[in-house]
Amino acid sequence: MSPFPLHKKEGKEMQEKLQALKVQALAELEAVQTPQELEEFRVRYMGKKGSLTELLRGMGSLPAEERPKMGQLVNELRQLLDGALTERAGALQKSLQEQKLKEEKLDVTMPGKTKPIGGLHPLNVVLNDVIDIFQSMGFDVVDGPEVETDHYNFEALNVPQDHPARDMQDTFYLAENLLLRTQTSAAQIRTMEQRKPPIRIICPGRVFRADEVDATHSPVFHQIEGLVVDKGVTMCDLKGVLEQFAHEIYGPDTKVKFRPSFFPFTEPSVEVDVSCSECGGKGCRVCKDSGWIEILGAGMVHPRVLSGCGIDPEEYSGFAFGIGLDRLTTTRYKISDIRLLFENDLRFLEQFDK
Ligand code: DAH
């Protein structure tokens, strides 16, 4: 039953239209799934040319006494649709948000992705140990150039031109007096020129020699030079420092052997062997069955080298040493081929720096 007694035919028709519009609109609203469809719905019914607006316009044809009642009915429908629209918009937003939350669900229990970070090269692992040991004995770490002059690499180290000792080191020359250093010993001269005794330095670095490549030779390898100059330094100091070093690197039970040797820049000169840490001196693959591993050359700094750097050999004395870092590394890790240290194969490198 209509709440309004409508007598005129037009009024009745209009009321039926309103009713039909209401049913249809509410059904369509129910089916709306997206904000865009909702906006289309709003335009379709309540926009300037929307069905409800048209209905309102059509009221002009009604008899004057019907208009207020019809106006009220249309307005009620308008309010109803307005409310339903807002409600639908809210529901729609809520369900969209829920869907989004579901899609973007985070599994907080999943393990995180870590970026692999690089590790230290085995040579650097061992070098850091060597540096720690010498720093704890009061040595400074200094650096020197890889491209050297003949003077620093040979001449000032008591190896004049045509000296047979030059044959011991096959040199890469870049120009007549310019070369890739064959030994870090060049750092001794540079240090003594720059510092006054007491001097206690080590100089780690790359050195170069025109050697054939094989399992134990590489044209690029590494040395750690050491130099101590002070008043009253003796061979006992040399032995004490190097023994201490060997024990810290290879363990306290390691035996240390000083063999007489020759280097032009030291007098007397020695080579230092340590008992093989792998077999304890019995002989094995690592020590090539000798029971000993040669790790460095050393000696008392030649007076001519001191005086060449302006240090009076009557007042001062010193000792020097050159450690082979590659040998230290291959024996520690039982690496059978020195080339592995230079090939940078990750499968090899990943085994160190633990
Ligand atoms: N420079 C030498 C070499 O490459 C090693 C060496 C021996 C360094 C005796 C020294 C030293 O400082 O005193 O074979």
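## Who surrounds the ligand

Sort the residues around the ligand by class and you get 5 nonpolar, 9 polar and 2 charged ones. That makes up a shell of 16 residues. Keep in mind that this is a predicted model. The residues closest to the ligand are Gln183, Gln188, Arg209, Gln223 and Glu225.

## Polar contacts with the ligand

Three of those side chains are worth a look one by one. In the side chain of Gln183, an N or O atom sits 2.7 Å from a nitrogen atom of the ligand. Gln188 also takes part through its side chain, where an N or O atom is 2.9 Å from an oxygen atom of the ligand. Then there's Arg209, with a polar side-chain atom 2.8 Å from a ligand oxygen.

How much of the ligand's accessible area does the protein cover? On its own the ligand has 350 Å² of accessible area, and the protein covers 92% of that.

## The pocket and its strands

And where does the ligand sit? The space it takes up is the largest pocket. Some elements give two or more residues to the shell around the ligand: strand E6 (220-230), strand E9 (292-301) and strand E10 (317-324).

## Rings that pair up

Let's move on to the aromatic rings. The count of aromatic pairs comes to 9. Take Phe134 and Phe245: their ring centres are 5.1 Å apart and their planes meet at 25°, so this pair is stacked. A stacked pair needs planes under 30 degrees apart.

These two rings also link distant parts of the chain. Phe134 belongs to helix H5 (residues 122-136), while Phe245 belongs to helix H8 (residues 235-250), and 111 residues separate the two.

## Backbone oddities

Now for the backbone, starting with the prolines. Which peptide bonds are cis? One runs from Pro197 to Pro198, with omega near 5°. You can find Pro198 in the loop between helix H7 (186-194) and strand E5 (199-208). Another cis bond joins Glu267 and Pro268, where omega is about -5°. Pro268 is part of strand E8 (residues 266-275).

One last spot to check is Lys288. Its phi is positive, at about 50°, although Lys288 is not a glycine. Look for Lys288 in the loop between E8 and E9. Strand E9 is also one of the strands that give two or more residues to the ligand's shell.

Terms used:
Residues numbered from 1 in each chain as written. Predicted model: local features only at pLDDT ≥ 70, side-chain atom pairs only at ≥ 80, totals over all residues. Heavy atoms only, no water. Near = heavy atom within 4 Å. Polar contact = N/O pair within 3.5 Å; in protein donor to acceptor, adjacent residues only side chain to side chain. Areas by Shrake-Rupley, 256 points an atom, 1.4 Å probe, with all protein chains shown as cover. 1 Å grid on protein atoms, 1.4 Å probe; cavity = no way out; pocket = protein on both sides within 12 Å on 5 of 7 lines; lining within 4 Å. Sits in = over half its atoms within 2 Å of the grid points. Helix = DSSP H or I, 4+ residues; strand = E, 2+ residues; numbered from the N terminus. Nonpolar A, V, L, I, M, F, W, Y, C, P; charged D, E, K, R; others polar. Phe/Tyr/Trp six-rings, centres within 6.5 Å; stacked < 30°, edge-to-face > 60°.
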